[in-house]
2 protein chains.
Amino acid sequence: MSEFIVDILGCGAATPSMRHLPACQAIEYKGRVMMVDCGESAQLSLRRNSIKFSRINHVFISHLHGDHLLGLPGLLSTLSLHELEGTVHVHIFEQGARMLQHVLDVVSHNPTINIIYDIIDPAGGVILDDRSLRVTAFPLYHTAPCVGFRFDEKPKLRHLRGDMVRFLNIPVSKLAEIKAGADYVAPDGRVFENARLTTDADHSGSYAYCSDTVFNPAVARAVEGVDVLYHEATYGSDLEKCAGARGHSTPAQAAEIARMAGVGKLVLGHFSKRYPDSQVLLDEARAIFPNTVAADEGMKIVIA
Amino acid sequence: MSEFIVDILGCGAATPSMRHLPACQAIEYKGRVMMVDCGESAQLSLRRNSIKFSRINHVFISHLHGDHLLGLPGLLSTLSLHELEGTVHVHIFEQGARMLQHVLDVVSHNPTINIIYDIIDPAGGVILDDRSLRVTAFPLYHTAPCVGFRFDEKPKLRHLRGDMVRFLNIPVSKLAEIKAGADYVAPDGRVFENARLTTDADHSGSYAYCSDTVFNPAVARAVEGVDVLYHEATYGSDLEKCAGARGHSTPAQAAEIARMAGVGKLVLGHFSKRYPDSQVLLDEARAIFPNTVAADEGMKIVIA
């Protein structure tokens, strides 16, 4: 069963269109939900994808352009309207936190949830670090201060070999440390190497999100080796100058980042509404990085 | 050709659901568009209804609950992103104007439109009065300060009878005053009464919008005689106490207002998401006021 899934809730640029909603993703991770950007219509998309609002406990906002955050006041108000309790951490630039709280002070009169603003440093750094996951922000290069996010699962426990556990009659009290990699010392002093008692841990998944950025090799270093990279590809190469002027990338540039970073898979998104479908953008990227797909609303990407 | 149409863009209560979007309407009046409340997803609904953003020149916000206004920051940012120019009047309570401008200062960096905040007095009064239309705010009775809006077309010009104009050879310079109701004095001094030269003017339409309110006879006086009354009917009569406690009405109460006010037609809306369809609410209202319909997204109501 997958425990690390990215739901694409919106992958359009700038404004909602008939084809795409503004930037919004939900990362389903071990039962909890983390929002990554939160464009308008986030609530509706969560419902369409049957994602329970009560599971949301972190929100990461890459930058303060409306298409990446204007769904958040409504979502947070709704949590209180539904009388949900608990804590939601909003990771956002300081100016955004002040703005958001001002809106909530006006529209949400009886807040039941506890909102904690975790102010993001535009220079990046680790912004969440718990038992199983580390989230890192890193600079992107847009027309406004902007960061990408990298989600790395921590190493997982090894799988016990049931046959060996039974054969050696290993006490339950020893199993946790063996799963963590320890050898087993039997009561008679014999040492059984961990490799004989366990099989490899499951893969630790990793995902990176690059919302809005021009091409910059520093981005490739920040996302090096992730399983899946979501990277904006707002305009095709025919509009490369326009893309650059507006702080955006082409599919070829996104693919070049994916290639340089040695990622497993590239997901293109943040499509300008000038493109009636994403095939032309996808073709351009695949010429450089074949394992590329185009995001679409409702798409689920299994990371691990 | 109808020149006064109400587009229902959202008629759900509180939060977006799979069935209804939050409160939002567009009044198409002689080529321009006035938004009446502006819940999240307003932009998407405008596109679905093929209503050009550039035609919007007035926005009326009934109160400062999120489901009635959180689509507005995105809509106003988009006008500037599309480099549209012109003036948009936002009629809103003062606290809402401050909040909205704070959001726009953060998310909309190069505003091209000119936003004028016309602060609404919670006690009501005329808020727009031009050559052809008068808009009046009037108090509603909700859990927060709230107003309804009444839109009255001014009397229209009478229709000239072409046969009489030709027969009497009336000069073009006289036609405007005759359409306005004047008699015609021929060069030989004969007086032709207006009633012989013209037929009745088209009906001047009127529409009233009651977003969120408990039952109060003062509301019936404010909406007296309108052609169409949109009135919230959040909960059925089985939940009348709950409706009252939350500042809302039942369909029976909405219908009673319609009956007392002698309106032409009642449109129910602001449905709680607990109702899988609106038939039960509609039946309840029709028992009191038969000419009632239930709003739905995409519905167009011709006022005049």
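Start with the open sheet of chain A in this predicted model, and select its seven strands, which follow one another in the order E7-E8-E9-E14-E15-E16-E17 with mixed pairing. Colour strand E7 (125-129) and strand E17 (292-294) of chain A apart from the rest: these two stand at the edges, and because each has a single partner strand, one side of each is left without a neighbour in the sheet. If you then look along the sheet, you will find that neighbouring strands are turned against each other by 20° on average, with direction ignored.

Next, stay in this sheet and select strand E9 (residues 147-153) of chain A together with strand E14 (residues 206-210) of chain A, which run antiparallel and are joined by four bridges. To see a pair of facing residues here, pick A:Asp152, which stands opposite A:Ser206 in E14(A).

Now move to the E17 edge and select helix H10 (residues 279-286) of chain A, which lies across strand E16 (265-269) and E17 of chain A. Following the helix from its N to its C end, compare its direction with that of the edge strand, for H10 runs at about 170° to E17(A).

From here, bring both chains into view. Chain A can be laid on chain B by a turn of 180° and a shift of 0.0 Å along the axis, with an RMSD of 0.1 Å, and the two copies are thus related as by a two-fold rotation axis. The contact residues tell of the same surface serving both copies, since 100% of those of chain A recur in chain B. To find the axis in the viewer, select A:Ser41, which comes closest to it of the residues of chain A, with its C-alpha at 2.9 Å.

The last stop concerns the cysteines. Taking a disulfide as a pair of cysteine sulfur atoms within 2.5 Å, the count over all chains comes to zero. Select B:Cys146, which is in no disulfide and whose nearest cysteine sulfur, that of B:Cys210, is 8.9 Å away. Is B:Cys146 buried or exposed? With a relative accessible area of 3%, B:Cys146 is buried, because that value falls under the 20% cut-off. B:Cys242 is likewise in no disulfide, and the nearest cysteine sulfur to it, that of B:Cys146, is 17 Å away.

Before closing the viewer, colour chain A by confidence: its mean pLDDT is 96, and 100% of its residues reach 70 or more. For the model as a whole, the scores are ipTM 0.90 and pTM 0.92.

Note on methods. Residues numbered from 1 in each chain as written. Chains lettered and ligands numbered in written order. Predicted model: local features only at pLDDT ≥ 70, side-chain atom pairs only at ≥ 80, totals over all residues. Heavy atoms only, no water. Pairing = 2+ DSSP bridges. Axes fitted to C-alpha atoms, helices over the stretch in contact; angles between N-to-C directions. Contact = heavy atoms within 4.5 Å. Least-squares fit on C-alpha atoms with pLDDT ≥ 70 in both. pLDDT = per-residue confidence, 0-100. Buried < 20%, exposed > 50% of the residue type's maximum accessible area, 1.4 Å probe, protein only.
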